[in-house]
Amino acid sequence: MKILITAGPTRESIDPVRYLTNRSSGKMGYAIAQSAINQNHEVILVSGPVSLEPPNDCKIINIESADQMYKEVQSNSKGCDAVIMVAAVADYTPAVYYKEKIKKADDREIRLVRTKDILGSMRESFGYNGILVGFAAETNELRENAIGKMQQKGCNFIVSNDVSRNDIGFGSDQNEVTIFDENGAQQHIDKSSKNLIADAIIEKIETIYGE
Ligand code: PMT
C-alpha cells in the first residue's frame, strides 16, 4: 500500500520571532511511519517541526504551518491507499503576520482565525475508496468526542487518546488508545509503547484494505 502519514505539531508565525504551537513531539506519527515501512508499505511522511530522526526508506516532507500541511497532504495523497492524520494541527492561526518584530512596548492583541480542517477536507478529495484514519486528542468525554469527529470527517476509524495525562499522549514514548471504527466496533489498547500501538493501527488498515 501507499500510505501518507502526518506527524508533529504545526507552527503558526506571529512575527519573525514568535509563533503558536503545541506539545506534539512527532513520536506517535513517526512510530506509525516506521511500522508501515517495516511492513513494506510505501510511506510519505508529512512532518511538522520535530527533533526526531526521520525513518529511512520513506519520502519526508517538512512543513511548518497548518496551511503548508494542508497543501502537501492534498497534493501528495493523490494515488495513496490510506491517509493517517496523526499531526496536532493548529486550529487557529494569527490573522495578521507582522513582518517586523512586535515591540514589547506595543500593547497589542493578536486576532486568530480558523485554519483549514485538513482531515475534514480529505474524504471529498481523496475519494471513497481511500482509507482515512484520524486521531482524536481529548481531555474529556473521549468516546462521544472521538466518534463525533470520526463521523463528521468521514474516517474509516479514529484513534482517541487522553491528552490530559502526562504519562501518555504528547511527548511520551507510550500511549493508551481506543480505536473506534465506522461499523461501531471499538478496540482498547492498554498503556503500551507507541511502536506497539502503531503496529495495531497498520494491521487494522491492512485488514480494511484486504476486505
Ligand atoms: O506527537 P506525540 O508527542 O507523539 O503526541 C501524539 C499526539 C497526542 C499528537 C497524537 O496521538 C494525537 O492525538 N494526534 C491528534 C492531534 C489533534 O490535533 O487532534 P484533534 O482532536 O484536535 O484533531 C482531530 C483530527 O483532525 C486529527 O487527526 C488532526 O490531525 C486533524 N486536524 C485537526 C485540525 C486541523 N486544522 N486539521 C486537521 O486535519
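## Report on a predicted protein chain

At 10% relative accessibility, Asp181 counts as buried, where buried denotes under 20% relative accessible area, exposed over 50%, and partly exposed in between (1.4 Å probe, protein chains only). Lys204 forms a salt bridge with this Asp181, and the closest N and O atoms are 3.1 Å apart. The pair links distant parts of the chain, with Lys204 in helix H5 and Asp181 in strand E11 (residues 174-181), 23 residues apart. A salt bridge is here a side-chain nitrogen of Lys or Arg within 4 Å of a carboxyl oxygen of Asp or Glu. Helices (H or I, at least four residues) and strands (E, at least two) are DSSP runs, numbered from the N terminus.

The model is predicted: local features need pLDDT of at least 70 and side-chain atom pairs count only at pLDDT 80 or more, whereas totals for chains, interfaces and linings use all residues. Residues are numbered from 1 along each chain as its sequence is written, and side-chain values use heavy atoms, with hydrogens and water left out.

### Overall form

The protein chain contains five helices and 12 strands. Its radius of gyration is 17 Å, close to the 17 Å that the globule rule gives for 211 residues, so the chain is as compact as a globular protein of that length. That radius is taken over C-alpha atoms, and the globule rule is 2.2 Å times the number of residues to the power 0.38. The C-alpha trace spans about 60 × 35 × 30 Å along its principal axes. Of the 211 residues in the protein chain, 48% are buried.

### Helices H1 and H5

Helix H1 (residues 27-38) has 12 residues and reaches 16 Å from its first C-alpha to its last, close to the 16 Å expected at 1.5 Å a residue. The expected span is 1.5 Å times one less than the number of residues in the helix. Nine of the 12 residues of H1 are buried, so this helix is largely enclosed by the rest of the structure. Among the buried residues of H1 are Met28, Tyr30, Ile32 and Ile37.

Helix H5 (residues 194-210) has 17 residues, and its C-alpha atoms reach 24 Å from first to last, close to the 24 Å expected. Its buried residues include Ile197, Ile201, Ile202 and Ile205.

### Strand E4 and its partners

Strand E4 (residues 42-47) is mostly covered, with five of its six residues buried. Strand E1 (residues 2-7) pairs with E4 in the parallel sense over six bridges, and Glu42 of E4 is the bridge partner of Lys2. E4 also runs parallel to strand E5 (residues 59-62), to which four bridges join it; there Leu45 stands opposite Ile60. Two strands are taken to pair if DSSP finds at least two bridges between them.

### Loop residues

The table lists selected loop residues with their relative accessibility.

| Residue | Loop | Relative accessibility |
|---|---|---|
| Asn40 | between H1 and E4 | 70%, exposed |
| Glu141 | between E9 (131-138) and H4 (142-153) | 52%, exposed |
| Gly79 | between H2 (66-76) and E6 (82-85) | 64%, exposed |
| Arg11 | between E1 and E2 (12-13) | 24%, partly exposed |

Asn40 has a positive phi of about 70 degrees although it is not a glycine. Glu141, likewise not a glycine, has a positive phi of about 40 degrees. The C-alpha atoms of Gly79 and Phe126 are separated by 8.6 Å, with the two residues 47 apart along the chain. For Arg11 and Lys99, 88 residues apart along the chain, the C-alpha separation is 16 Å.

### Further salt bridges and a surface patch

The structure holds 12 salt bridges. Side chains of opposite charge can pair when their charged atoms come close. Asp67 meets Lys71 in a salt bridge (2.8 Å, N to O); being four residues apart in helix H2, the two are separated by about one helical turn. Asp67 also meets Lys116 in a salt bridge (3.7 Å, N to O). This second pair links distant parts of the chain, with Asp67 in helix H2 and Lys116 in the loop between strand E8 (112-114) and helix H3 (118-126), 49 residues apart. Asp67 is partly exposed at 34% relative accessibility, and Lys116 is partly exposed at 45%. Elsewhere, Arg165, Asp167, Glu176 and Lys191 are linked in a network of salt bridges.

Leu20, Tyr92, Ile110 and Leu112 make a nonpolar surface patch of about 330 Å². Patches are made of residues with over 30% relative accessible area and no salt bridge; like charges are joined within 9 Å, and nonpolar side chains (Val, Leu, Ile, Met, Phe, Trp, Tyr) within 5 Å. Accessible areas come from the Shrake-Rupley method with a 1.4 Å probe, and for residues only the protein chains shown count as cover. Leu20 lies in strand E3 (residues 19-20) and is partly exposed, with a relative accessible area of 33%.
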